[in-house]
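Here is a friendly walk through one protein model for someone meeting it for the first time. Take a look at the sequence and the structure, then read on.

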Amino acid sequence: MQFASRLDNVETSAIRELFKLLGKPGIISFAGGFPDSAMFDVEGLKEASQKALTEEPGGALQYGATEGYEPLRTQLSAFMKTKGVDVDPSGLIVTTGSQQALDLLGKTMISPGDKVIVEGPTFLATIQCFRLYGAQLISAPIDANGVKTDELEKLIAEHKPKFVYLIPTFGNPSGAMLSLERRKKVLELAVKYQTLIVEDDPYGDLYFGEAPPPSILALSKDVPGSRELLAHCGSLSKVLSPGLRIGWMIAPAELLAKATMCKQFSDAHTSTFSQATAAQYLKSGRMPATLAHVREVYGQRAQAMGAALERELGDAVSFTQPQGGLFFWARLTGANGKLADANELAKRAIEKLVAFVPGAPFFAEKPDVATLRLSFATADVAKIEEGVKRLGQAL
């Protein structure tokens, strides 16, 4: 068969391929980007789904508007208000997970050969999605405080990208948190160069201790002219349930209209039953307690992993302790002649029955083979300590 030429520049996810190796008995996995299913508020979701079927069965089970189920858009508007964002329900569309929002941005914004700036490293599915639509991806370097805005400005000036894609708060895979100063600078760059900024924010509610700075979208009210140069993608997957597949996109009206048109061709609308369930859940007022619980549990696991890495791997690895999210981003230093190739370490680790994701696939350009991503979300403290011990043995 002759497939579309757009498939020539993409390949299957390295992470999905890795999952095929995870069936061994006794393996401890730090590889996935999943929330812990034990954290799901099953009772709350059960009540919400029953209410959806009782109070408005027609709306929950019938075809719906492509833009989204109106009661859910209203609840999402209220949810965003708690984060400092004023958005009318008509100013957002509901997507099938935030990943569909990224796909819609690819469809509506990218022509073959267009340049798009992403962080280096960034979300693997974003690299694949944007390349599928023919984008030439440019990597902007990051540190523990997120994208380096001085470097970003140089890249914007040089390449004049179609847009800039950022995960400012506890990024996947970096775990980095963009500082308040840099967030404001990003908004200033958007206005100065009239460049669209895409803010992907699936992890912003998963902070440990002190809350992160307001989202770039929330800060836009202080930078005249910046709101019309922002697209913001949100999700309930990491905080409530990935199985609901509920995400949303807030963007300028013209972009939302184009994205809605493209969504009509893809799936007509996100599952109305999922949307009605999510609407009832948000309306119930259970979300704050759910968030408090997951923050506490993930915070404890992140602390345990940081301590274990220092204890078991010492100066053979460098990392910044994450302040939220689901991931550690680490780099093998090669200290004392130890291994500095994460791909090789991954093979040895599987033999020791522990798994992680090598970092190279997360780079759109110039992959760093010494990097690796570790997720602490789905293992309890005892498994984290044992898994990192095995990692130390593999190293």
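## A first look around

Right after helix 12 comes glycine 314, and its phi is positive, near 55°. Keep in mind that this is a predicted model.

How does the span of helix 12 (residues 287-313) compare with what its 27 residues should give at 1.5 Å a residue? The expected span is 39 Å and the end C-alpha atoms are 38 Å apart, so the two agree.

**Rings in contact**

Now for the aromatic side chains. The count of aromatic pairs comes to nine. One of them joins phenylalanine 319 and phenylalanine 328: the ring centres are 5.4 Å apart and the planes sit at 70°, which is over 60 degrees, so this pair is edge-to-face. Phenylalanine 319 is partly exposed, at 22% relative accessible area, whereas phenylalanine 328 is buried, at 0%.

Tryptophan 329 and phenylalanine 363 make another pair, with ring centres 6.0 Å apart and planes at 45°, so this one is tilted. Which parts of the chain does that pair tie together? Tryptophan 329 belongs to strand 11 (residues 327-332), while phenylalanine 363 is in the loop between strand 13 (357-358) and strand 14 (371-375), so the pair links parts that are 34 residues apart in sequence. Tryptophan 329 counts as buried at 16% relative accessibility, and phenylalanine 363 counts as buried too, at 14%.

There's also a cluster held together by ring pairs: Phe208, Phe319, Phe328 and Phe376 are its members.

**Cysteines on their own**

How many disulfides does a search of the whole structure find? The answer is zero. Take cysteine 233: the closest cysteine sulfur is that of cysteine 129, and it is 10 Å away, too far for a bond, because a disulfide needs the two sulfur atoms within 2.5 Å. Cysteine 262 is in no disulfide either, and its nearest cysteine sulfur, again in cysteine 129, is 12 Å away.

Are these two cysteines, 233 and 262, buried or exposed? Cysteine 233 is buried, with a relative accessible area of 0%, and cysteine 262 counts as buried at 12%.

**Empty space inside**

Rolling a probe the size of a water molecule over the atoms is a way to see where empty space is left. In this model there are three cavities of 30 Å³ or more. Here are the largest and the second largest, side by side:

| Cavity | Volume | Lining by class |
|---|---|---|
| Largest cavity | about 60 Å³ | five nonpolar, three polar and three charged residues |
| Second largest cavity | about 50 Å³ | seven nonpolar, one polar and three charged residues |

The lining of the largest cavity includes Phe79, Met80, Asp201, His232, Gly234 and Trp248. Which elements supply at least two residues each to that lining? Helix 4 (70-81) and strand 8 (230-235) do, and strand 8 gives the most, with three residues.

Around the second largest cavity, the lining residues include Pro35, Asp36, Met39 and Phe40, and further along the chain numbering Lys238, Leu240, Thr290 and Tyr298 are among them. Val239 is listed in the lining of the largest cavity and also in that of the second largest cavity.

Methods: Residues are numbered from 1 along each chain as its sequence is written. This is a predicted model: local features need pLDDT of at least 70, side-chain atom pairs count only at pLDDT 80 or more; totals for chains, interfaces and linings use all residues. Side-chain values use heavy atoms; hydrogens and water are left out. Buried means under 20% relative accessible area, exposed over 50%, partly exposed in between (1.4 Å probe, protein chains only). On a 1 Å grid over the protein atoms alone, a cavity is a set of points where a 1.4 Å probe fits but cannot get out, and a pocket is an open set with protein on both sides within 12 Å along at least five of seven lines; lining residues have an atom within 4 Å of a point. Grid points are joined across faces, edges and corners, and a volume is the space filled by probe spheres set on the points. Helices (H or I, at least four residues) and strands (E, at least two) are DSSP runs, numbered from the N terminus. Ala, Val, Leu, Ile, Met, Phe, Trp, Tyr, Cys and Pro count as nonpolar, Asp, Glu, Lys and Arg as charged, and the others, Gly among them, as polar. Rings of Phe, Tyr and Trp (its six-membered ring) pair if their centres lie within 6.5 Å; planes under 30 degrees apart count as stacked, over 60 as edge-to-face and the rest as tilted. The expected span of a helix is 1.5 Å times one less than its number of residues.
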